[in-house]
Amino acid sequence: MSVDAFIPTVWSKKFKDVLDPLLVYRNCVNTDYEGEIKQQGDTVRVNTIGPVTVSSYTKNTINLTPEVLQGAGQPMQITQADMFYFALDDVDKAQMNVGVMEQAMKRASFAMKNSIDSFLGSTIAAGVHEDNILETSGTTSSSASNPIVVGTGAGDTDAYALLVNLATRLNKANVPDGDRWVVVNPDFVGLLLLDARFTNFGTASSMETIKQGSSAGGALGGGLASALKTLTGLDVYVTNQVPVSGSVYTILAGYKGATSYAEQIPEGQPEAYRLQTGFADAVRGLDLYGAKVFEPAGLASAYVQYSV
């Protein structure tokens, strides 16, 4: 091949945006119990106190015997260990002349977080108390084989009504008002946007409803999120990471105290070093984590399928 036939490749100094899923489930758990985790299989002890008994008091009673509170440490095992490991050849580094390693680390970090988010969604879904799974008409509870059909057609369940029903289950379970959340997928949000209760701004009262409440965070913000927060008490998050089996999605709601999560990046991680078997720099990282549902009654769920 002649020198004239060589066509050099120009590497751009800019990086193309990648469409990553939004991470939300870590916003829905308690992280107060993160401790000194050293390795996969370690156990975090989460302290709990039993109920306090209230009884009638008779005036001038003496020699009262105090109730001894029962405290216990429930175990939460660190079951997960995720890693990444990649190398960048010297030739590629010379051609690129840009911060490729920095960008690769960002991608690796996001991939790790995405794995954690999926784990948390599955863990929360598996821990919901059976009494807090919304019923399907004619059955004791909904399931992946008999989901609630959500849509706008005759006989379909209304999306907003489902949110209200989830919040009602939490109310009946005496779940604290603060830090309540619900995670939905874009199809669910689309049905909410078709609901005139949130899209009809023709009256002063409807506009005022939209203005009230706090922003819900996640990918769902602005007026709709504020209205839903005001009317249901739930911070609304939206993601494509909602647990799904076939065409059936698991819509989850609850409060942060129901599920605990602990994570530890071991000392010295991530680490960069020079490969001895080639001309390349390598980076590897390890992340240890685990989660457990401690209060199943503090969660609610619905298996839903969207009408087409």
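Modeller: Before we talk lining, Ala, Val, Leu, Ile, Met, Phe, Trp, Tyr, Cys and Pro count as nonpolar, Asp, Glu, Lys and Arg as charged, and the others, Gly among them, as polar. This is a predicted model, where local features need pLDDT of at least 70 and side-chain atom pairs 80 or more, while totals for chains, interfaces and linings use all residues. Numbering runs from 1 along each chain as its sequence is written, and side-chain values use heavy atoms, without hydrogens or water.

Colleague: How many nonpolar residues are in the lining of the largest pocket?

Modeller: A pocket is an open set of 1 Å grid points where a 1.4 Å probe fits, with protein on both sides within 12 Å along at least five of seven lines; lining residues have an atom within 4 Å of a point. The largest one holds about 290 Å³ of space. Its lining has 18 residues, with S109, M112, K113, E263 and D287 closest to the centre. By class, 5 lining residues are charged, 3 are polar, and the nonpolar ones number 10.

Colleague: Which element gives the largest share of that lining?

Modeller: At least two lining residues each come from β11 (280-293) and α2 (100-126). The largest share, 6 residues, belongs to α2.

Colleague: Why does L69 count as partly exposed?

Modeller: L69 sits in the loop between β1 (43-49) and β2 (71-77). Partly exposed lies between buried (under 20% relative accessible area) and exposed (over 50%), with a 1.4 Å probe and protein chains only. L69 counts as partly exposed because its relative accessibility is 43%.

Colleague: And how far apart in space are V54 and E67, C-alpha to C-alpha?

Modeller: V54 is in the loop between β1 and β2, and is exposed at 77% relative accessible area. V54 and E67 are 13 residues apart in sequence, and their C-alpha to C-alpha separation is 9.9 Å.

Conventions:
Points joined across faces, edges and corners; volume = space filled by probe spheres on them. Helix = DSSP H or I, 4+ residues; strand = E, 2+ residues; numbered from the N terminus.
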